[in-house]
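Good morning, colleagues. I shall present one model today, beginning with a working definition and then moving from the whole chain to single residues.

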Amino acid sequence: MPAMSTIVWVAIGVAGGLFLWKTGIAMLRGFTTPLPPPPPAGEMRKINVRYRCSVCGLEIKLTLAPDEDPPPPRHCLEDMDMVAPLYD
Ligand SMILES: [Zn+2]
């Protein structure tokens, strides 16, 4: 028959362990929370900008962005160069 104080300490240990476990799960949930969904199409800016990769020559056109002056995309580990903004 263990002493009462031993039982109390075991109970405290179990409670502490459960608390840490729950905290850990909550933190994991925080890390794995999916990114927020993109804003609805109405809040996206229609843009028309071409970028060219200065390393391999790949050229792309951006037509939608969350704001009117998005940071240049990267290709071949370099920022792409803006070719010419084409305004409609
Ligand atoms: Zn490239």
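Burial is counted here from C-beta atoms placed from the backbone: a residue is buried if 20 or more other C-beta atoms lie within 10 Å of its own, exposed if 12 or fewer, and partly exposed in between. Leu77 is a direct example: it has 7 other C-beta atoms within 10 Å and is therefore exposed.

Two remarks on conventions. The model is predicted, so local features need pLDDT of at least 70 and side-chain atom pairs count only at pLDDT 80 or more, whereas totals for chains, interfaces and linings use all residues. Residue numbers start from 1 along each chain as its sequence is written.

Confidence comes next. pLDDT is the predictor's confidence in each residue, on a scale from 0 to 100. The protein chain averages 85, and 90% of the residues score at least 70. Among the elements, β3 has the highest mean pLDDT, 95, and β5 the lowest, 80.

Which elements make up the chain? There are one helix and five strands, arranged along the sequence as α-β-β-β-β-β. Helices (H or I, at least four residues) and strands (E, at least two) are DSSP runs, numbered from the N terminus. Of the 88 residues, 3% count as buried.

Let me take the helix. Helix α1 covers residues 4-32, which is 29 residues, and reaches 42 Å from its first C-alpha to its last. That is close to the expected 42 Å, where the expected span is 1.5 Å times one less than the number of residues. Is α1 buried or in the open? The number of buried residues among its 29 is zero, so α1 lies largely in the open.

I turn to the strands. Strand β1 (residues 45-52) and strand β2 (residues 59-65) pair in the antiparallel sense over six bridges; pairing requires that DSSP finds at least two bridges between two strands. Within this pair, Val49 stands opposite Leu62, and Lys46 has Leu64 as its bridge partner. The two strands form a hairpin with six residues between them, and Gly57 in the turn has a positive phi of about 90 degrees.

Positive phi values also occur away from glycine. Cys76, in the loop between β3 (74-75) and β4 (78-79), has a positive phi of about 50 degrees. Cys76 counts as exposed because it has 12 C-beta neighbours inside 10 Å. Leu77 lies in the loop between β3 and β4 as well, and its phi is positive, near 65 degrees.

How do parts of the chain that are distant in sequence meet? Two residues are in contact if their C-beta atoms, placed from the backbone, lie within 7 Å. Of the contacts with a separation of 6 or more, 37% are between residues 24 or more positions apart.

Three residues illustrate such separations in C-alpha distances. Ala84, in strand β5 (residues 81-85), is 35 residues from Val49 in sequence and 6.4 Å from it in space, C-alpha to C-alpha. Ala84 counts as exposed because it has 9 C-beta neighbours inside 10 Å. Arg50 lies in strand β1; its C-alpha is 9.4 Å from that of Met80, 30 residues apart in sequence. With 15 C-beta neighbours inside 10 Å, Arg50 is partly exposed.

The third residue is Asp79, in strand β4. Its C-alpha is 9.8 Å from that of Val55, 24 residues apart along the chain. Which residues does Asp79 touch, leaving aside those up to four places away in sequence? Asp79 touches Pro72 and Arg74. Asp79 counts as partly exposed because it has 14 C-beta neighbours inside 10 Å.
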